[in-house]
Amino acid sequence: MLFLEYPKCSTCRKAKKWLDENGVSYEDRHIIEDNPTEKELRKWYEKSGLPLKRFFNTSGMKYRELKLKDKLPDMTEEEQISLLATDGMLVKRPLLIGDDFVLIGFKEQQWKETL
């Protein structure tokens, strides 16, 4: 499994601790230093079955700075995926990617049920 995180994010730290305590093995990836590519984001989006908006860190400063709340509805999926790939701070985290699932954000119950 691939675990994408921003180490300074408290939710990411909580998720990582949960993974470790539950003996889940994963490959750790810093979402800012190695942000997801368009190809990865498209694959994860399709695998997740979730709306693309869920991949955006809507509470982040960058999201507010770019006024994406107003701009996203008028953007195509391709434009949104391209934008997400430009900056890891725009991507909701943590992300846990498995062979047949994508978990966005940390909800302990959801993670328990999926893993």
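1. Where does Arg29 lie? Arg29 lies in strand β2, and keep in mind as you look that this is a predicted model. You might expect a note on an arginine to start at the surface, but Arg29 counts as buried because its relative accessibility is 9%, and the cut-off for buried is under 20%. Leaving out residues up to four places away in sequence, Arg29 touches Leu2, Phe3, Leu4 and Glu5. Its other contacts under that rule are Asp34, Asn35, Pro36, Thr37, Glu40 and Trp44.

2. Now for the sheet that β2 belongs to. It is an open sheet of 4 strands, in the order β2-β1-β3-β4, and the pairing is mixed. β2 (27-30) and β4 are the edge strands, each pairing on one side only. On average, neighbouring strands in this sheet are turned by 15 degrees against each other, with direction ignored.

3. Zoom in on β1 and β2. These two strands run parallel and are joined by 4 bridges. Two pairs to find on screen: Leu2 has Glu27 in β2 as its bridge partner, while Phe3 has Asp28. Which way do the residues of β1 point? Leu2 and Leu4 point one way, Phe3 and Glu5 point the other way, and all of them are buried.

4. Next, helix α1. This helix, residues 10-21, lies across β1, β2 and β3 and runs at about 155 degrees to β1. Here is a nice check on its length: at 1.5 Å a residue, the 12 residues of α1 should span 16 Å, and the end C-alpha atoms are indeed 16 Å apart, so the two agree. After α1 comes Gly23, which has a positive phi, near 65 degrees.

5. Which residues of α1 are buried? They are Cys12, Ala15, Trp18 and Leu19. Look down the axis of α1 and these buried residues fall within an arc of 125 degrees, so they line one face of the helix. The spacing makes sense, because an α-helix has 3.6 residues a turn, so residues three or four places apart point the same way. The cover over the buried residues of α1 includes β1, β3 and α6 (108-114). On the other side of α1, you will find Lys14, Lys17 and Glu21 exposed.

6. Helix α5 (residues 77-84) can be read in a similar manner. Gln80, Ile81, Leu83 and Leu84 are buried in it. Down the axis of α5, the buried residues fall within an arc of 160 degrees, so they line one face of the helix. These residues pack against α2 (38-48) and α4 (68-71). Ser82 also sits in α5, but Ser82 is partly exposed, with a relative accessible area of 25%. The C-alpha atoms of Ser82 and Glu38 are 5.8 Å apart, although 44 residues separate the two along the chain.

7. What about the inside? The largest nonpolar core has 25 residues, and the ones touching the most other members are Trp44, Phe55, Leu84 and Leu95. At least two residues of this core come from each of β1 (2-5), α2, α5, β3 (95-97) and β4 (102-104). Apart from this core lies another one, of 10 residues, among them Ala15, Val24, Leu96 and Phe106.

8. Phe55 deserves a click of its own. Setting aside neighbours within four places in sequence, Phe55 is in contact with Trp44, Tyr45, Ser48, Leu84 and Leu90. Its list of contacts also includes Val91, Lys92, Leu95, Val102 and Ile104. Trp44 turns up again here: Arg29 touches Trp44 as well.

9. Last stop, Ile31. Where is its place? Ile31 is in the loop between β2 and α2. Buried or exposed? Ile31 is buried, with a relative accessible area of 0%. Ile31 and Gly88 are 57 residues apart along the chain, yet their C-alpha atoms are separated by 5.2 Å. Without counting residues up to four places away in sequence, Ile31 touches Leu4, Glu5, Tyr6, Pro36, Gly88, Val91 and Arg93. Two of these contacts, Leu4 and Glu5, are buried residues of β1 that point opposite ways.

Methods:
Residues are numbered from 1 along each chain as its sequence is written. This is a predicted model: local features need pLDDT of at least 70, side-chain atom pairs count only at pLDDT 80 or more; totals for chains, interfaces and linings use all residues. Side-chain values use heavy atoms; hydrogens and water are left out. Buried means under 20% relative accessible area, exposed over 50%, partly exposed in between (1.4 Å probe, protein chains only). The arc is that of the directions from the helix axis to the C-beta atoms. Contact means heavy atoms within 4.5 Å. A nonpolar core is a set of buried Ala, Val, Leu, Ile, Met, Phe, Trp, Tyr and Cys residues joined through side-chain atoms within 4.5 Å. Two strands pair if DSSP finds at least two bridges between them. Axes are lines fitted to C-alpha atoms, for helices over the stretch in contact, and angles run from 0 to 180 degrees between N-to-C directions. The expected span of a helix is 1.5 Å times one less than its number of residues.
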